[in-house]
Amino acid sequence: MNLHVKTLSLMTWRSRFLEESFWSLEETAALAKQLPLKSPSENIFLHIVDLSDPKQIWKFVENFKQEHKLHVLINNAGCMVNKRELTEDGLEKNFAANTLGVYILTTGLIPVLEKEHDPRVITVSSGGMLVQKLNTNDLQSERTPFDGTMVYAQNKRQQVVLTERWAQGHPAIHFSSMHPGWADTPGVRQAMPGFHARFGDRLRSEAQGADTMLWLALSSAAAAQPSGRFFQGDFLPGCEGS
């Protein structure tokens, strides 16, 4: 697949509260050079943003709006912190990065997207959200015993609901959320070691995990689907998604 783009902006993030980043800056830059672009003359910009820091996100958005156009936004950054900890702003860390950060980034960039033809926003949720109903009474996970996996699943449910609301409010943009299937990524290996040990030989590759989001970003058939829907890749090789 060739990506017929003139400019590609990659936004990666580092967080002060993760012990180590899944991808180093050097690895991210090297990955950008491997993208199957139409020609080597395209512009690639790498932006480093901490999605748990609202002030940093707003600063990035304001600078980005002055310098770049945007046709497709893919919200893929996320984290699973297994102990209840707070950011410097007093926000529970999973909520800060997975929900609030995605909300601020997407909302801030909507005016940029609305200027372009066929703009799209894809938010990478998780099949884990299927075990959680939306709970707006405890966004900071203060009222129940803390379970990092369930908090992450709640964040992913929140992303799906945000996608539905954005679709209702901004009909000029095609919004979708999706589950990439369970893929063998550094995030899964670090955050869910037991799951990875059990299913590691059946997990999807990173390329397979990206197939649904690329289809949603580039396919005319995807754009013909109603905005705001949730799409699901195969959970595991040989297991059909819907």
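Rings of Phe, Tyr and Trp, the last taken by its six-membered ring, form an aromatic pair if their centres lie within 6.5 Å. By that criterion the structure, which is a predicted model, holds 4 aromatic pairs. Two of them are described below, together with the sheet and the helices that carry their residues.

**The sheet**

The order of the strands is β3-β4-β5-β6, and these 4 strands form an open sheet in which the pairing is parallel. The edges are taken by β3, residues 72-75, and by β6, residues 229-232, each of which pairs on one side only. From one strand to the next the twist averages 20°. Between β3 and strand β4, which covers residues 120-124, there are 4 bridges, and the two strands run parallel; within this pairing, Leu73 stands opposite Val121 in β4.

Helix α3, residues 93-113, packs on the sheet and touches β3, β4 and β5 (174-179), with a direction that makes about 175° with that of β3. Helix α4, residues 148-169, also packs on the sheet, where it touches β4, β5 and β6, and its direction makes about 160° with that of β5.

**Aromatic pairs**

The geometry of two of the pairs is set out here.

| Pair | Type | Centre to centre | Between the planes |
|---|---|---|---|
| Tyr103 and Trp166 | stacked | 6.3 Å | 15° |
| Trp215 and Phe231 | edge-to-face | 5.9 Å | 65° |

The pair of Tyr103 and Trp166 links distant parts of the chain, since Tyr103 lies in helix α3 and Trp166 in helix α4, 63 residues apart. Tyr103 has a relative accessible area of 38% and is therefore partly exposed, whereas Trp166, at 5% relative accessibility, counts as buried, because the cut-off for that class is under 20%. These two residues do not stand alone, as Tyr103, Trp166 and Phe175 form one aromatic cluster.

The pair of Trp215 and Phe231 likewise links distant parts of the chain, with Trp215 in helix α7 (residues 206-218) and Phe231 in strand β6, 16 residues apart. Trp215 is partly exposed, its relative accessible area being 34%, while Phe231 is buried, with a relative accessible area of 14%. The strand that holds Phe231, β6, is one of the edge strands of the sheet.

Technical notes: Residues numbered from 1 in each chain as written. Predicted model: local features only at pLDDT ≥ 70, side-chain atom pairs only at ≥ 80, totals over all residues. Heavy atoms only, no water. Pairing = 2+ DSSP bridges. Axes fitted to C-alpha atoms, helices over the stretch in contact; angles between N-to-C directions. Contact = heavy atoms within 4.5 Å. Phe/Tyr/Trp six-rings, centres within 6.5 Å; stacked < 30°, edge-to-face > 60°. Buried < 20%, exposed > 50% of the residue type's maximum accessible area, 1.4 Å probe, protein only.
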